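Here's a quick tour to read with the model open in your viewer. Pull up the chain and follow along topic by topic.

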Amino acid sequence: MTIEVTSTSEEGYVTRSRVGDYELTVDATEEEGPEPNGVLLADYASCFIPAFRVGGNKEGFDDLGRIDVDVEGDLDDDDDLEAIRFHLLVEEDLEDDDFDAIVARAEDICHVHSALREGLHAEITGETGAF
């Protein structure tokens, strides 16, 4: 399988990308859209949540309910990401061991996690029974 994306910047720091039937605007100046690091963090969280759900299913949990992820990314002096942290809020009330097992499975399943260098893998904490 191949994923095809067409990205165009007509001027300045705005790039419009066509991903399938969707358009995504990314702007380094954050005037017309989010900046690239913010998009990466959102993409990582958006991949991790379904991976966490699949991991939960494989650990015997049919419905984890609502899942929110609060994401923080630290930038170095060159505005490169140097650390990422996820704090998950999960509606299902899980034991710590179950939460950790689901996180481990999700890390193996999440494609964005796999694509990032190891130093940028999210540090993950969470609360269950959160809603």
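What follows is a short briefing, from the overall layout down to single residues.

Keep in mind that this is a predicted model. The protein chain has 3 helices and 6 strands, and along the sequence they come in the order β-β-β-α-β-β-α-α-β. Helix 1 gets the most space below, followed by a few spots in the strands, the loops and on the surface.

**Overall layout**

- The C-alpha trace of the protein chain spans about 50 × 35 × 30 Å along its principal axes.
- There are 131 residues in the protein chain, and 31% of them count as buried.
- If you look at contacts with a separation of 6 or more, 53% of them in the protein chain come from residues 24 or more positions apart.
- About 8,500 Å² of the protein chain is exposed, with carbon and sulfur atoms supplying 42% of that area.

**Helix 1**

- Helix 1 runs over residues 36–58, which makes 23 residues.
- From first C-alpha to last, helix 1 reaches 33 Å, close to the 33 Å expected at 1.5 Å a residue.
- At the N-terminal end, E35 acts as the cap of helix 1: one of its side-chain oxygens sits 2.9 Å from the backbone nitrogen of N37.
- N37 is also on the list of buried residues in helix 1, along with V39, L41, Y44, A45, C47, F48, A51, F52, G55 and G56.
- As background for reading that list, an α-helix has 3.6 residues a turn, so residues three or four places apart point the same way.
- What do the buried residues of helix 1 pack against? Their partners are strand 3 (22–27), strand 4 (67–75), strand 5 (81–90), helix 2 (96–109), helix 3 (111–115) and strand 6 (123–128).
- Just past the end of helix 1, G60 takes a positive phi of about 95 degrees.

**Two buried residues to click on**

- S17 belongs to strand 2 (residues 14–19).
- Buried or exposed, where does S17 fall? S17 is buried, because its relative accessible area is 10% and the cut-off for buried is under 20%.
- The side chains of S17 and S7 are joined by a polar contact of 2.6 Å.
- Setting aside neighbours within four places in sequence, S17 also touches V5, T6, Y22, E23 and L24, besides S7.
- H113 sits in helix 3, and at 7% relative accessibility it counts as buried.
- Not counting residues up to four places away in sequence, H113 is in contact with Y44, E107 and H121. Y44, you'll recall, is one of the buried residues of helix 1.

**Loops with positive phi**

- E30 lies in the loop between strand 3 and helix 1, and its phi is near 60 degrees, a positive value in a residue other than glycine.
- E30 counts as exposed because its relative accessibility is 56%, and exposed means over 50%.
- D79 is in the loop between strand 4 and strand 5; phi there is near 65 degrees, again positive in a residue other than glycine.

**On the surface**

- M1, I3, V5 and V19 make a nonpolar surface patch of about 490 Å².
- Within that patch, I3 comes from the segment before strand 1 (5–8).
- I3 is exposed, with 67% relative accessible area.
- V5 turns up twice in this briefing: as a member of the patch and as a contact of S17.

Definitions and conventions. Residues are numbered from 1 along each chain as its sequence is written. This is a predicted model: local features need pLDDT of at least 70, side-chain atom pairs count only at pLDDT 80 or more; totals for chains, interfaces and linings use all residues. Side-chain values use heavy atoms; hydrogens and water are left out. Helices (H or I, at least four residues) and strands (E, at least two) are DSSP runs, numbered from the N terminus. The expected span of a helix is 1.5 Å times one less than its number of residues. Buried means under 20% relative accessible area, exposed over 50%, partly exposed in between (1.4 Å probe, protein chains only). Contact means heavy atoms within 4.5 Å. A polar contact is a pair of N or O atoms within 3.5 Å; within protein, one must be able to donate a hydrogen and the other to accept it, and residues adjacent in sequence count only if both atoms are side-chain atoms. Patches are made of residues with over 30% relative accessible area and no salt bridge: like charges are joined within 9 Å, nonpolar side chains (Val, Leu, Ile, Met, Phe, Trp, Tyr) within 5 Å. Accessible areas come from the Shrake-Rupley method with a 1.4 Å probe; for residues, only the protein chains shown count as cover. A salt bridge is a side-chain nitrogen of Lys or Arg within 4 Å of a carboxyl oxygen of Asp or Glu.
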